[in-house]
Amino acid sequence: MLAAGEASGDQHAASLFLELKKLVPDVRGIGMGGVKMREAGVVIRYDSTAIAVIGATEVIKHYGEIRRALKMMQQIARDERPDLLICVDYKEFNFRLARAAKAAGVKVLFYVSPQVWAWRPGRVKKYGEAVDRMAVIFPFEVPFYEAHQIPVSYVGHPLAGQVVPSIPKAQALSEFDLETTGPVIGLLPGSRSNEIRRLLPVMLDAAAMLAQRLPDARFILSQSSSIEDEMLRPNLRQCPVNIRVIKGRNYDVLQCCDAVVTVSGTATLEVALSGVPMAIIYKVTPITYYLGRWLINIPFIGLPNILAGRSIVREFIQHEATAENIAGEIGRILQDEAYAERIRQDLREVKTSLGEGGGSRKLARLAAEMLGVSV
């Protein structure tokens, strides 16, 4: 049984299950996820698209549906007693699901561990009681869990070695109608509907400013497969700039870009692994923001900065996420080559720190062992 609650988790769970089928050909998968897991052969009992939200107020708004999904998944775990439950990210939901499954005698593997080292570290003991093993994606997480006597395995980040375009750059530029002597600026507005509502307008305002300052610039928006076209159309219709929209081909898009504006989250790591200088933006409701400031005890929100242990790309959070600030940073990246090269070098170091890849394969071996299969 697999449980993933948003687009990145859906992709990670799908990659894991494909690798697991190579090791255990007769394995069957059921659970909660999206299109990627379905394509990988998992029987989807609950489509998680409706509950892929971020922020306290968004969770409250969707609380009824999230609660319904949780009760359904808990009941499936109790009734069908899978041989293994693999929880992929989506921390609070999966913590409650893991606890119910463990109480029913189901083995639990938690993948993309909760970042309790960043916020609410006091909860680590409760997570230890709810899981049989933590599979972590960053090496610095291992000693944290070991210090609390929680079984832990470092499997590496699932994106390491996977951020590879499907076609050559020249072909992508031609196909996306981006053949130009000017810079190409990428927009990554996220995979959740509330991210689109809150952050796409400011991205497009920044694009309009950049188009005035850099008339030969071209713009391309990478649309997540979890976002319907109708969500983008109203904002794009009002935008005075021609924005090329490409759906579900993030890595092909990223290789075309000279600079990127991206929401926080997994997307920042995809951009980093592509080696493209970026500006990270983050904006939630005021209550979510102030709760976060109170609870989170690390200085950065972007994964490249967290991994580097210092600020290597600019973050524009809450009131700082303005079109003026974003356009100013992207303009500097495109016009100050020394500045851009320094960022690219720092991103290369982040990429090196994540290793050669194979995270999904390592996780599949761990899952197979928990299923009692010798590999």
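Which residues in α15 meet which residues in α16? In this predicted model, Glu329, Arg332, Ile333 and Gln335 of α15 are in contact with Glu337, Tyr339, Ala340, Arg342 and Ile343 of α16. By class, this contact comprises four nonpolar, one polar and four charged residues. Helix α15 covers residues 323-335 and helix α16 residues 337-353; the two pack at an angle of about 95 degrees, and their axes are 5 Å apart. Because angles of 65 to 115 degrees are classed as roughly perpendicular, α15 is described as roughly perpendicular to α16.

The interior of the model was examined next. The largest nonpolar core contains 99 residues, and Leu109, Tyr111, Ile243, Ile281 and Ile330 have the most contacts inside it. Helix α9 (residues 193-213) supplies the largest share of this core, with 10 residues. A second core, separate from the largest, has 34 residues, among them Met1, Met73, Leu85 and Val131.

Tyr111 illustrates the surroundings of one such core residue. Beyond its neighbours within four places in sequence, Tyr111 is in contact with His12, Ile86, Cys87, Val88, Asp89, Ala135, Ile137, Val155, Pro158 and Leu363. One of these partners, Ile137, lies in the loop between β6 (133-136) and α7 (141-147). Ile137 has a relative accessible area of 6% and is therefore buried. With neighbours within four places in sequence again left aside, the contacts of Ile137 are Tyr111, Val112, Tyr154, Gly156, His157 and Pro158. Ile137 and Pro158 are separated by 21 residues in sequence, while their C-alpha atoms are 7.4 Å apart in space.

A buried loop position is also found at Ser264, in the segment between β11 (259-263) and α12 (266-274). The relative accessibility of Ser264 is 12%, so this residue counts as buried. When residues up to four places away in sequence are not counted, Ser264 touches Glu195, Ile280, Ile281, Tyr282 and Ile301; Ile281 is among the residues with the most contacts inside the largest core.

Helix α5 (residues 91-103) was compared with its expected length. Its 13 residues, at 1.5 Å a residue, should span 18 Å, and the end C-alpha atoms are 18 Å apart, so the two values agree. The buried residues of this helix are Phe93, Asn94, Phe95, Leu97, Ala98, Ala100 and Ala101. Elements covering the buried residues of α5 include the strands β1 (2-4), β2 (30-33), β4 (85-88) and β5 (108-111), together with the helices α4 (63-80) and α6 (124-130). Just after α5, Gly105 adopts a positive phi of about 85 degrees.

How values were computed
Residues are numbered from 1 along each chain as its sequence is written. This is a predicted model: local features need pLDDT of at least 70, side-chain atom pairs count only at pLDDT 80 or more; totals for chains, interfaces and linings use all residues. Side-chain values use heavy atoms; hydrogens and water are left out. Axes are lines fitted to C-alpha atoms, for helices over the stretch in contact, and angles run from 0 to 180 degrees between N-to-C directions. Helices (H or I, at least four residues) and strands (E, at least two) are DSSP runs, numbered from the N terminus. Angles under 35 degrees count as roughly parallel, over 145 as roughly antiparallel, 65 to 115 as roughly perpendicular and the rest as oblique. Contact means heavy atoms within 4.5 Å. Ala, Val, Leu, Ile, Met, Phe, Trp, Tyr, Cys and Pro count as nonpolar, Asp, Glu, Lys and Arg as charged, and the others, Gly among them, as polar. Buried means under 20% relative accessible area, exposed over 50%, partly exposed in between (1.4 Å probe, protein chains only). The expected span of a helix is 1.5 Å times one less than its number of residues. A nonpolar core is a set of buried Ala, Val, Leu, Ile, Met, Phe, Trp, Tyr and Cys residues joined through side-chain atoms within 4.5 Å.
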